[in-house]
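Reader: Could you zoom in on one part for me, the charged side chains and how they pair up? I'd like the burial of each partner too.

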Amino acid sequence: MSPSHHDTPLERWFHRRGWIRITIGTPYLWLIFFFLLPFIIVLAMSFATRTPTAPPFSFGGENPVLNFAHYQRLFSDDLYIRAYLTSVANAAFATFLCLLIGYPMALGLTRVSRSWRNVLLMLVILPFWTSFLLRVYAWMGLMGSNSWFNKLLTSIYNGIVPADWALRYIPMMNTNFAVILVTVYSYLPFMILPLYANLEKLDFSLNEAAMDLGSRPFRVFRDVTLPLSVPGIIAGSMLVFIPASGELIIPSLVGSSSRPMIGRVIADEFTSARSWPMASAVAIALLVLLVVPLMIYTYYDAKSYEKQREEA
Amino acid sequence: MNETAATVTAGSKGKAEAPVRQKADEPHFIRIEGVTKRFGTFTAVSDVNLEIRKGEIFSLLGGSGCGKTTLLRMLAGFEEPTKGRIYIDGQDMTDLPAYERPVNMMFQSYALFPHMTVEKNVAYGLKHEKMTAAGRQDRVREMLALVQLTEFSHRKPHQISGGQRQRVALARALARQPKLLLLDEPLAALDKKLREHTQFELMDIQDKTGTTFIVVTHDQEEAMTLSSRLAVMDKGQIRQIGTATDVYEYPNSKFVAGFIGSINLFDARVTSVGAETAKVEVPELGGEIEARAIDGLEAGQGISMAVRPEKIVLSRQKPKSGNAVAGVVRDLAYFGKDSLYRVATGTGRVISVSSVNARRVGEAERVADWEDEVWFSFDPSAAILLKE
């Protein structure tokens with residue numbers, strides 16, 4: 001870069017002192033120290049052998065340097081496969097529900113007046129101001145068999161069904177239903193906010209143009225709004241699906257112990273089983289499971305974008 | 001591929017040129033009756049009455065916030081009038097939603113669907129028409145040929161230029177063969193050269209299709225060249241309706257006179273009224289001026305007198321006829337094809353005079369120079385009397 005590019009004294013100073021490198025370098029350093037290094041440690045640990053020492057693993061010595069036993073166990077013990085499937089299925093279903101609930105909310109946000117919009121956006125974000133754990137406990141209270149909420153639902157249910165189907169309470173706690181319910185509740189803002197950011201940018205005159213060309217409101221939505229909001233749908237779904245599939249607290253507190261999710265399996269391996277290598281192997285497998293499809297998607301997305309640029 | 005495209009173009013061009021022309025004689029094709037639109041306490045359009053003929057290019061001209069766009073949006077069906085009714089071809093449109101009106105609009109931003117190709121954009125409105133697939137395809141080809149975009153049919157809107165986008169928007173709006181085409185500032189986003197070219201193209205296309213056009217614009221030149229008639233709007237009301245000549249040469253108010261073109265405006269008092277002309281006292285010009293009479297003049301009445309800069313002649317000697325006033329050239333701007341003089345009268349009032357540089361002369365031989373004493377004169381017919 002030639003110095004003639006930097007015209008003001010401030011710019012010259014900034015470049016001479018190498019500040020630009022620091023500015024660009026800081027996020028990279030952050031990622032190296034807090035993502036790449038821990039990741040390498042976890043990756044290495046997954047090939048170690050469990051020992052009764054502290055820390056409870058070792059490489060070499062009487063053990064092999066690279067131990068693949070934990071990866072083999074991932075496939076031989078169906079606990080892990082079932083946990084992965086439960087996690088992915090729960091996360092996918094919760095993501096789908098978040099989309100179903102969040103899309104109309106995000107669309108509604110773009111259609112109300114400015115002042116209302118700020119109030120409603122505030123309401124979407126407000127739950128973040130209380131502790132996540134507290135909100136899960138609140139749901140436990142609501143779903144418990146002796147809560148007013150459960151009693152209310154039970155009496156409604158008993159009022160509808162024949163008398164011999166009557167229940168004392170509706171079993172909600174420690175079920176997969178509870179996991180999905182609380183996941184949807186907790187992650188809904190992560191769906192609404194990116195969708196809102198996307199929908200808000202859409203030019204409303206496109207909707208008017210479609211209507212002008214003979215489309216009724218639903219057709220306008222299907223032909224214009226929906227296809228143009230695909231990037232928002234993808235962003236929101238990623239933001240919900242990825243953390244939801246590794247979720248630990250929700251399945252631990254409200255889920256059923258017979259159908260563990262992968263987050264809980266990792267935690268159990270680390271703590272009660274004290275098998276750090278096994279926990280690491282499960283974590284790496286989860287990462288591959290989640291990141292690889294994402295990378296493939298990003299690759300093709302970038303490629304099709306480039307193809308469009310070339311045509312133009 | 002290229003070969004077939006070429007033959008298709010030639011074939012559909014022939015079709016497009018077939019006479020679809022309608023005579024511009026149907027008097028009340030579009031009728032706007034007492035239409036008012038209020039947003040809260042703000043009145044955007046106030047009691048507008050307008051009749052537009054079939055096959056006309058009609059312009060709504062006015063500054064921003066004058067209500068022209070709101071009126072256009074009510075015709076399209078995007079806004080509902082607070083009061084009044086809108087008829088198109090004898091049918092009451094007032095309560096019909098936009099998607100059921102035989103009206104299409106070309107948006108100022110063009111509003112092309114970014115995720116669809118040019119072809120799909122043009123075909124979009126045909127989905128709802130009762131047509132065969134082949135018929136639809138023919139219509140799309142015909143429209144693309146009409147706007148000369150056949151070879152770009154598979155591009156996305158972001159892959160073509162601004163001028164091409166404008167033509168896609170036009171083709172899309174015309175594809176359904178609407179009874180009325182609305183154009184919201186159709187040329188505003190184009191640069192000057194392209195604008196002039198596109199203007200004639202628009203007129204050409206209107207001629208070929210025979211569609212009635214209503215154009216909203218803030219650009220008076222655009223309105224005057226494009227339209228057969230125009231309406232000048234201000235504060236939600238129509239101030240004058242007429243041909244470009246009517247509105248320019250015979251403005252009915254100070255507002256219209258000042259809005260279209262530039263004008264020298266003076267306070268005056270009527271002294272005597274004749275059959276053809278009237279005499280008015282203009283203090284700022286230091287004397288009596290003879291002007292073309294208008295209806296309902298009375299001696300002693302306060303009035304305004306206006307003259308357009310290009311209707312004033314500068315000379316060294318006092319002219320023998322017409323209204324002549326002495327003055328001093330204060331300023332002079334040379335534009336090439338014409339020059340603008342700012343001449344101060346004895347009372348200190350500065351007036352604008354525009355003169356065409358018909359002869360090729362150097363600076364030394366100019367009619368007048370800075371600080372020259374000159375006479376400026378104008379014919380009584382050039383003096384416009386305005387009551388409001």
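Author: Arg222(A) comes out as partly exposed, at 42% relative accessibility (partly exposed lies between buried, under 20% relative accessible area, and exposed, over 50%, with a 1.4 Å probe and protein chains only). This is a predicted model, so local features need pLDDT of at least 70 and side-chain atom pairs pLDDT 80 or more, while totals for chains, interfaces and linings use all residues. Residues count from 1 along each chain as written, chains are lettered from A and ligands numbered from 1 in written order, and side-chain values use heavy atoms, without hydrogens or water.

Arg222(A) makes a salt bridge with Asp223(A), with 3.5 Å between the closest N and O atoms (the cut-off is a Lys or Arg side-chain nitrogen within 4 Å of an Asp or Glu carboxyl oxygen). Asp223(A) itself is buried, at 8% relative accessible area.

Over in chain B, Arg53(B) and Glu56(B) form a salt bridge, again with the closest N and O atoms 3.5 Å apart. Glu56(B) is buried at just 3% relative accessibility, whereas Arg53(B) is partly exposed at 33%.

Then there's Glu310(B), in a salt bridge with Lys311(B), where the closest N and O atoms sit 3.2 Å apart. Here Glu310(B) is partly exposed at 36%, and Lys311(B) is partly exposed too, at 26%.

Back to Arg222(A) and Asp223(A): through salt bridges with shared partners, they belong to one network with Arg219(A) and Lys127(B). Over all chains, the structure has 25 salt bridges.
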